[in-house]
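Good morning, everyone, and thank you for making room for me today. I would like to walk you through one protein slowly, beginning with the whole chain and ending with a few single residues.

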Amino acid sequence: MSSESESVPTGETWPAGESIPTGEPVISLSHVNHWFGSGDSRKHALKDITLDIQPGEIVICTGPSGSGKTTLLTMLGGLRACQDGSLKILGEELHGAGKEVLAKLRLNVGFIFQAHNLMMFLNARKNVRLSLELHDQYYEQDMDRLAAEMLEKVGLGDREDYFPANLSGGQRQRVAIARAMVAQPKILLGDEPTAALDKESGRNVVNLMREMATNHKTTIIMVTHDNKILDVADRIIIVDEGALASKEAEAVFVGRMRETGS
């Protein structure tokens, strides 16, 4: 998760056991800005982002490389602090929030990292099981069985005892996807989740995401350049030079992507 050394509370939902009131967005950003660096080298990475995302909504975030998409995604996952503006997730204001609050948030978020971030000394099943071990409600259940079932769903039922070094790049990505999804998080974030996958595996993964969104009201945000999965989205947003593109620019950009992916 985060590279910072901090204690992560286990077994807590956040806010404490409560759900978002009906009709309220799961994620709400209002005039959010973010900068990197200081002085003359200071870079304005996110510019006046205002956005609401609803429970069970699947949002694809795309745009040119280096435009701020991953910065936005890591902020939504509690891996980066909100510096300016308002960021509410699950009804809680995160602008100015401390490490403990951000750590609690991450218990409600499944994050699919582009670089996998698997534990190389654990086999596939134990990597997936790690997510379950953060939540008290799974301690009375057979976590090995739940992890194995999730691996089966992503097409790795015959690889649960394999270590990451013995898996292909696409297989490692599917282990990372299984790890992010197994605890049925309230929010699922993916940074190029299908980039290393073939067409069939990618389609299987986005179908699982659609099932989570429909059955569990999981809110899903994916940063992707994969034109083949645009159809799974309820909404597509474009980030360009740190800002959300206009509706007109979105329509043109998405149209070109669909043509390229057809």
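**From the whole chain to single residues**

Of the 262 residues in this protein, 48% count as buried, and please keep in mind throughout that what we are looking at is a predicted model. The protein exposes about 12,500 Å² of surface, with carbon and sulfur atoms supplying 47% of that area. Its secondary structure comes to 7 helices and 10 strands, and if we take the contacts between residues at least 6 apart in sequence, 73% of them join residues at least 24 apart.

Before going into detail, let us ask how confident the predictor is. The mean pLDDT is 88, and 88% of the residues reach 70 or more. Over residues 1-18, however, the pLDDT is below 50, although this stretch does have 38 contacts in the model beyond near neighbours in sequence. Among the elements, helix H4, residues 143-153, has the highest mean pLDDT, at 98, while helix H7, residues 247-261, has the lowest, at 69.

Now to the sheet, which is open, has 6 strands with mixed pairing, and follows the order S6-S7-S8-S3-S9-S10. Strand S6 (109-112) and strand S10 (243-244) stand at the edges with a single partner strand each, so one side of each is left without a neighbour in the sheet. Strand S9, residues 235-240, pairs with S10 in the antiparallel sense over 2 bridges, and within that pairing Val239 has Leu244 in S10 as its bridge partner. Helix H1, residues 69-76, lies across S3, S6, S7, S8 and S9, and runs at about 155° to S7.

Which residue sits in the loop between S3 and H1 and deserves a closer look? I have chosen Ser67, which lies in that loop and counts as buried because its relative accessibility is 3%, under the cut-off of 20%. Leaving out residues up to four places away in sequence, Ser67 touches Ala45, Val239, Asp240, Glu241 and Gly242. With Val239 there is also a polar pair, since a polar atom of the Ser67 side chain lies 2.9 Å from the backbone oxygen of Val239.

My last residue is His135, found in the loop between helix H3 (124-132) and H4. His135 also counts as buried, at 9% relative accessibility, and its C-alpha atom is separated by 7.9 Å from that of Leu107, although the two residues are 28 apart along the chain.

Note on methods:
Residues are numbered from 1 along each chain as its sequence is written. This is a predicted model: local features need pLDDT of at least 70, side-chain atom pairs count only at pLDDT 80 or more; totals for chains, interfaces and linings use all residues. Side-chain values use heavy atoms; hydrogens and water are left out. Two strands pair if DSSP finds at least two bridges between them. Helices (H or I, at least four residues) and strands (E, at least two) are DSSP runs, numbered from the N terminus. Contact means heavy atoms within 4.5 Å. Axes are lines fitted to C-alpha atoms, for helices over the stretch in contact, and angles run from 0 to 180 degrees between N-to-C directions. Buried means under 20% relative accessible area, exposed over 50%, partly exposed in between (1.4 Å probe, protein chains only). A polar contact is a pair of N or O atoms within 3.5 Å; within protein, one must be able to donate a hydrogen and the other to accept it, and residues adjacent in sequence count only if both atoms are side-chain atoms. pLDDT is the predictor's confidence in each residue, from 0 to 100. Accessible areas come from the Shrake-Rupley method with a 1.4 Å probe; for residues, only the protein chains shown count as cover.
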